[in-house]
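This report examines selected local features of the structure shown below. Backbone geometry is treated before the buried residues, one helix and the principal pocket.

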Amino acid sequence: MADLSAFPITQRWPAQHPDRLQLYSWPTPNGVKVSILLEETGLPYEAHSVNIGQNETWGPEFLSLNPNGKIPAILDPNGPGGKPLALFESGAILVYLAEKTGQFLPTDPVARYETLQWVFFQMAAVGPMFGQLGFFHKFAGREYEDKRPLERYRAESERLLGVLETRLTGRDWIMGDDYTIADIALLGWVRNLIGFYGAGELVHYEKLKAVPAWLERGLARPAVQRGLEIPAR
């Protein structure tokens, strides 16, 4: 049985199954990327709810695993060379798990890098812009009298959806016929934008065709449906 006692995070969230990959997360667009991929791969894992609403990521135990204080993070007792691996940043975790399982990331070098560029597109552009739009549209930012920040993030979010619309026109998935971690990275964010944030009308989502069809295909996958609810709130 794996010994994870050297990792302080296990003091706050004890592992009931220390031989399985440990997931520390919350069902946000970033968090569900990892739970969806874990569900898709079938890799055994144990999920721990880290309540960001109660600032649990800022305790010393979580910070010992991710000094940036953000979910998700993982602790894999069976990392490279058979040694435990602690990892944070959802994009890095997606790549790691895809390579570990040999799933959802093409092995052909050209297709692999093309997939990764869309993962990084989500990390660098879609996540930050959609998140800011959510803040200024739904949360505390909506009370600001100056509406220029809201308009900035609204316009940029609409532009990014246009990029996705162009990419997905004539394609089932970001990479064409193959469902990959690029789709997994993006699904939760687009869902959140039009659902939880309620910003669909702002970004003229109704004018799109390829993106809504892609989102519907993605959300119909059983593993996606399960992953969106993990960890339980």
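## Residues with positive phi

In this predicted model, Glu89 counts as partly exposed, because its relative accessibility is 37% and the partly exposed class lies between 20% and 50%. Glu89 belongs to the loop between strand S4 (85-88) and H4. Its phi is near 80°, a positive value in a residue other than glycine.

His204 also has a positive phi, near 55°, and is likewise not a glycine. It is located in the loop between H7 and H8. With a relative accessible area of 29%, His204 is partly exposed. Most residues other than glycine have a negative phi, and most peptide bonds are trans.

## Cis peptide bonds

Ile71 and Pro72 are joined by a cis peptide bond, with omega about 0°. Pro72 is part of the loop between helix H3 (60-63) and strand S3 (73-76).

A cis bond also runs from Ile230 to Pro231, where omega is near -5°. Pro231 is in the segment after H9.

## Buried residues and their contacts

Ser90 lies in helix H4. It counts as buried because its relative accessibility is 3%, and the limit for this class is under 20%. Apart from neighbours within four places in sequence, Ser90 contacts Asn30, Lys33, Pro72 and Met123; the contact partner Pro72 is the residue that follows the cis bond from Ile71.

Gln22, in strand S1 (residues 21-25), has a relative accessible area of 0% and is therefore buried. Its side chain reaches the backbone oxygen of Arg20 at 2.9 Å, and a polar contact of 2.6 Å links the side chains of Gln22 and His48. When residues up to four places away in sequence are excluded, Gln22 touches Leu4, Ala15, His17, Glu46, His48, Ala73, Ile74 and Leu75.

Gly227 is found in helix H9 and is buried, with a relative accessible area of 0%. Outside its neighbours within four places in sequence, Gly227 is in contact with Val32, Ser35, Ile36 and Glu39. Its C-alpha atom is 8.4 Å from that of Pro27, although the two residues are 200 residues apart along the chain.

## Helix H7

H7 comprises 14 residues and spans 21 Å from its first C-alpha to its last, close to the 20 Å expected at 1.5 Å a residue. The helix is mostly covered, with twelve of its 14 residues buried. Among them are Ile181, Asp183, Leu187, Trp189 and Asn192.

The elements that cover the buried residues of H7 include H2, helix H4 (90-101), H5, helix H6 (148-168), helix H8 (210-219) and helix H9 (222-227).

## The largest pocket

The largest pocket has a volume of about 1,100 Å³. It is lined by 40 residues, of which Thr28, Pro29, Asn30, Ile52 and Trp189 are the closest to its centre. Asn30 is also one of the contacts of Ser90, and Trp189 is among the buried residues of H7.

Helix H2 (29-41), helix H5 (109-137) and helix H7 (181-194) each supply at least two residues of the lining. H5 gives the most, with six residues. By class, the lining contains 18 nonpolar, 16 polar and six charged residues.

Key:
Residues are numbered from 1 along each chain as its sequence is written. This is a predicted model: local features need pLDDT of at least 70, side-chain atom pairs count only at pLDDT 80 or more; totals for chains, interfaces and linings use all residues. Side-chain values use heavy atoms; hydrogens and water are left out. On a 1 Å grid over the protein atoms alone, a cavity is a set of points where a 1.4 Å probe fits but cannot get out, and a pocket is an open set with protein on both sides within 12 Å along at least five of seven lines; lining residues have an atom within 4 Å of a point. Grid points are joined across faces, edges and corners, and a volume is the space filled by probe spheres set on the points. Helices (H or I, at least four residues) and strands (E, at least two) are DSSP runs, numbered from the N terminus. Ala, Val, Leu, Ile, Met, Phe, Trp, Tyr, Cys and Pro count as nonpolar, Asp, Glu, Lys and Arg as charged, and the others, Gly among them, as polar. Buried means under 20% relative accessible area, exposed over 50%, partly exposed in between (1.4 Å probe, protein chains only). A polar contact is a pair of N or O atoms within 3.5 Å; within protein, one must be able to donate a hydrogen and the other to accept it, and residues adjacent in sequence count only if both atoms are side-chain atoms. Contact means heavy atoms within 4.5 Å. The expected span of a helix is 1.5 Å times one less than its number of residues.
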